[in-house]
Amino acid sequence: MSAYHVVIIGGGATGAALAHDLTLRGVQVTLVERGEVTSGTTGRHHGLLHSGARYAVKDPESARECIQENTILRRIAPGSFELNDGLFVAITDEDLAYYDDFMEGCAATGIPTRTLSREEALRLEPNLNPDLKLAVQVPDGTMDAMRLPLRFLATAKHNGARILPFHRVTGLRFHGRTVVGVQGRDLVRNRDFTLDADLVVNAAGPWAEQIARMADVDVPVVPSPGVLVAVYGRWTNMVINRLHRAGDGDIVVPQRTLSVIGTSSWVVDDPDHLDVPEEHIRLMYEKGAEMIPALAHAPMRAAWAAARPLVGSRQAQSGRELSRTFKVFDHAEEGVEGFVTIVGGKATTARAMAEVTADLVVRKLGLDAPCRTREVVLLPHTAYYA
Amino acid sequence: MSTVTLRVFRFKQGDAAPHYDTFTVTAGPRTTVLEALQAVRRDQDPSLILRHSCHHASCGTCGMRVNGHEVLACVTPLADLGPVVTVEPLQNAPLVADLVVDMHPFYATFTQAGMPLVRTSDNLAGSHPAPGIETLTRFENCLECGLCLSACPVVATDPLYLGPAAMAAAWRVVQEPRGADPAQALAWVDQEHGCWRCHLAFECSTVCPNDVQPGQAIAALRQRLVQGEPAPPRPRPAAAEPAPSPARAARRGLRAWFDPRGRDVGYWAFVLHRVTGLALVFYLVLHLWVLRLLARGPQAWDDFIALARSPLFLALDGVLLFGILFHGLNGLRVALVGLGRGAARHKALFWALMAVLVVALLVGVAALVAVVHGA
Amino acid sequence: MNRDAGKFWWLVQAFSGVALVLLLGMHFIAQHYVAQGGLRTYADVVAYLDSPWVLALETLFLVVVAVHAALGLRAVALDLGLARGQQRLVDGAVAGFALAVVFYGLWLFTRIGGG
């Protein structure tokens with residue numbers, strides 16, 4: 001283990017995967033999170049293990065990341081996924097017209113597909129809209145939004161990382177313009193804390209800009225919330241997507257005995273102010289029922305909003321126009337040493353985000369330590385509490 | 001929009017004692033307790049801590065007691081709860097701070113059940129599940145939230161008790177092993193502090209947010225152990241008895257028996273069964289003591305009979321009759337349900353037996369009065 | 001306690017409980033409802049116990065009550081969460097209680113009428 005100490009701000013999927021990656025590379029890691037781990041955006045996603053097909057046409061970079069990570073995650077986190085696959089269903093002639101673009105995009109990004117006739121699709125999933133024209137099967141899956149990141153954290157912890165939930169960072173510590181640590185409030189003991197660090201990584205997701213501002217640097221992150229609605233009943237076994245350009249209410253993910261309909265998209269300034277507009281809930285029901293008619297009358301379990309940490313211009317209108325890929329910022333380029341920010345991405349690509357970030361971190365620390373997270377099988381989530 | 005006063009349990013490590021803080025929040029028809037607490041943290045007191053993650057009752061982290069009931073805050077609407085709402089952490093688990101409890105003891109026991117945690121697949125497309133399997137309530141429905149441990153009267157006092165969540169997990173292994181060893185799971189629960197400690201209060205099933213029904217699972221385990229062929233002698237799984245760890249200090253002890261808030265009928269049946277049981281032991285001793293008069297001969301005994309016919313004695317006989325009838329009838333329920341009979345309808349069974357109690361008590365007292373006054 | 005002790009004693013408790021519902025019912029009727037005035041006079045008691053059937057039934061009742069009460073006390077003691085050593089102490093104490101109840105009862109039988 002090297003003497004280098006890295007502090008990660010943010011206990012979501014990105015911070016969790018990064019703690020795991022850096023620990024494997026022999027770096028001492030302390031992760032601080034203002035609430036419980038995965039209490040920000042991570043825990044609230046719809047539980048989709050992306051095949052990438054959703055982005056194959058418009059966002060091929062993100063699609064490629066997704067299918068690569070999908071394959072790696074199945075290997076390193078066995079038991080964390082329902083390998084239930086996904087269907088893209090064409091309901092209207094307009095959807096059907098999108099089919100060629102979709103198949104081309106999937107082929108170009110390396111996403112395996114299988115086209116099913118109306119009859120084949122209805123035999124597999126009898127609750128689908130009987131008007132559907134055809135369906136395409138892709139290797140989507142269902143995951144547990146909290147328990148997969150917990151496996152990264154559990155493994156990191158057992159390899160020596162320190163995980164500190166309920167530690168709110170209120171400022172960075174500087175030596176000149178070099179970041180040399182963090183300070184904040186330990187909310188378990190209600191007292192201040194400071195941590196020295198050779199390097200600080202800002203993995204605060206939609207809150208990344210608030211952290212970056214502590215170092216007087218700017219990261220172009222756009223908190224873009226989406227509403228999700230969980231209804232009672234497992235109406236399909238496979239993940240159901242609408243075969244068209246990604247839009248509102250066009251995905252239904254079965255989770256245990258629930259079905260989660262998602263999502264809408266808009267942009268906000270403060271990720272702590274997330275409304276759940278009534279019309280968005282109605283929209284989810286309406287759009288979801290176009291694919292699975294029974295959803296229209298399924299009783300609601302919960303409706304909630306999660307803020308995606310999208311990379312892009314703050315002039316963005318809805319967030320739909322922004323890529324789902326991720327970006328690492330070395331703030332040395334703005335004159336602040338010892339400070340790195342990682343934003344964007346998705347839960348499915350968290351490991352890849354961590355790999356790229358950790359590559360930069362070890363380079364800056366002058367270490368020669370290759371990434372090992374593609375092979376190391378993760379401990380079960382229960383080990384986080386052991 | 002309505003205005004709600006939240007009374008929130010507060011405690012930080014190092015504090016001498018917990019206290020309650022009061023916050024005023026506004027609630028719309030859909031505002032949940034979790035959203036209200038988040039708003040408090042954002043706008044009023046950033047030092048408040050709580051656990052939450054998925055916001056749709058799938059992760060099981062936001063378990064807490066709201067007006068004394070164990071709930072998941074993310075699916076509990078605030079508007080239904082009255083003008084003043086008390087929010088407290090779960091019981092029978094070590095307190096970390098504010099509304100956060102330590103889940104380590106939960107998992108220390110839970111993982112010993114040996115249940116494969118997530119299926120590789122759920123009825124894969126084109127697969128043909130074994131007959132009956134599609135009707136199972138899958139244990140994977142368990143969110144690992146710990147509400148059942150907070151509600152259980154036996155967990156409250158017995159630090160070695162395996163508890164409802166872990167035994168429901170063991171029952172899942174027996175139902176559908178998926179590579180795990182059912183004999184191992186059965187051996188694990190077949191211990192003094194395992195399934196035989198349960199007293200069928202069914203508070204676990206009442207508070208479970210995802211219909212896992214741990215109480216019924218424990219009854220089913222007993223039924224299996226009683227009916228199944230004797231298990232071959234096998235080494236006990238390592239660490240089968242959890243150490244009486246710091247968790248012990250976190251348990252509430254006997255005062256849990258007399259805390260009425262949020263509890264359902266099964267809990268009261270349990271408490272009343274314990275109280276009547278102890279009273280009947282006391283009565284047994286008293287009864288034998290009185291019978292010593294028989295050994296003293298006719299005069300002493302017949303003097304006592306005169307005393308025993310006084311109205312005060314008759315009233316006490318009524319109380320005694322109630323104790324006997326309750327303990328006997330509820331005992332019948334515990335024996336029946338404990339062997340897996342009628343576990344699904346335990347509540348109906350309870351009320352039916354209570355109806356029998358009322359009739360028997362009235363008839364019994366009337367007959368007693370008639371007999372005595374007829375003399 | 002070996003592993004099966006939990007099951008064994010639970011079953012004993014359950015079945016002794018069921019037996020008590022019957023035995024106690026009979027005891028109540030015989031001693032209080034059939035008896036004139038709600039309690040047998042001394043002479044009645046002596047006559048009643050003269051029957052070997054009655055004596056056997058009342059002895060059975062005594063034993064079952066003692067066992068059920070002892071196991072009940074033990075369950076309450078276990079509720080309190082005992083360490084291993086304390087548990088053995090409780091086992092001994094409740095066994096002593098049951099024996100004391102049974103022998104005292106038997107002694108009473110011998111004293112009544114005969115004494």
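Two residues are in contact if their C-beta atoms, placed from the backbone, lie within 7 Å. With that in hand, take chain C: among its contacts between residues at least 6 apart in sequence, 74% join residues at least 24 apart. Keep in mind that what you're looking at is a predicted model. Here's a walk through its chains, their meeting places and a few spots worth finding on screen.

**Chain C**

- Chain C has four helices and zero strands, so reading from the N terminus you simply get α-α-α-α.
- Of its 115 residues, 26% count as buried.

**Where chain C meets chain B**

- Chain C puts 41 residues into this contact, and chain B puts in 42 residues.
- On the chain C side, the elements giving two or more residues are helix H1 (5-33), helix H2 (42-50), helix H3 (52-79) and helix H4 (84-111) of chain C.
- H1(C) gives the most to that side, with 13 residues.
- Sort the chain C side by residue type and you get 25 nonpolar, eleven polar and five charged.

**Chain B**

- Chain B holds 13 helices and seven strands.
- It has 375 residues, and buried ones make up 44% of them.
- Look at chain B contacts with a separation of 6 or more: residues 24 or more positions apart account for 69% of them.
- The domain assignment splits chain B into domain 1 (2-101), domain 2 (104-117 + 136-252) and domain 3 (265-373).
- Taken over C-alpha atoms, the centres of domain 1 and domain 3 of chain B are separated by 43 Å.

**Where chain A meets chain B**

- Here the contact takes 38 residues from chain A and 39 residues from chain B.
- Strand E18 (residues 300-311) of chain A gives the most to the chain A side, with four residues.
- That chain A side divides into 17 nonpolar, twelve polar and nine charged residues.

**The two domains of chain A**

- Chain A is divided into domain 1 (5-41 + 147-220 + 323-385) and domain 2 (83-141 + 222-309).
- Their centres, taken over C-alpha atoms, are 32 Å apart.
- Where they touch, domain 1 of chain A supplies seven residues and domain 2 of chain A supplies six residues.
- The domain 1 side of that contact has four nonpolar residues, three polar and no charged.

**A helix to find in chain A**

- Helix H8 (residues 350-365) of chain A has 16 residues and reaches 22 Å from its first C-alpha to its last, close to the 22 Å expected at 1.5 Å a residue.
- Several of its residues are buried, including Ala350(A), Met353(A), Thr357(A) and Val361(A).
- The buried residues of H8(A) pack against a mix of helices and strands of chain A, among them strand E1 (5-9), helix H1 (13-24) and strand E20 (339-344).
- Right after H8(A) comes Gly366(A), whose phi is positive, near 80°.

**A little sheet in chain A**

- Three strands of chain A form an open sheet in the order E3-E8-E4, with antiparallel pairing.
- Strand E3 (48-49) and E4 of chain A stand at the edges with a single partner strand each, so one side of each is left without a neighbour in the sheet.
- E4(A) pairs with strand E8 (residues 141-143) of chain A over two bridges, in the antiparallel sense.
- For a closer look, find Glu82(A): its bridge partner in E8(A) is Thr142(A).

**The loop around Pro78(A)**

- Pro78(A) lies in the loop between helix H2 (60-76) and strand E4 (81-82) of chain A.
- Pro78(A) has 13 other C-beta atoms within 10 Å, so it counts as partly exposed; a residue is exposed at 12 or fewer and buried at 20 or more.
- The C-alpha atoms of Pro78(A) and Leu379(A) are separated by 9.7 Å, though the two residues are 301 residues apart along the chain.

**Nonpolar cores**

- The largest nonpolar core has 217 residues, and those with the most contacts inside it include Val6(A), Ile9(A), Met167(B) and Ala170(B).
- Helix H5 (residues 164-175) of chain B gives the most to this core, with nine residues.
- Leaving out residues up to four places away in sequence, Met167(B) touches Leu162(B), Val189(B) and Pro214(B), among others.
- A second, separate core of 14 residues includes Leu62(C), Val64(C), Val67(C) and Ala75(C).

How values were computed: Residues numbered from 1 in each chain as written. Chains lettered and ligands numbered in written order. Predicted model: local features only at pLDDT ≥ 70, side-chain atom pairs only at ≥ 80, totals over all residues. Nonpolar A, V, L, I, M, F, W, Y, C, P; charged D, E, K, R; others polar. Domains from an automatic or database assignment. Core = buried A, V, L, I, M, F, W, Y, C linked by C-beta atoms within 7 Å. Pairing = 2+ DSSP bridges. Expected span 1.5 Å × (residues − 1).
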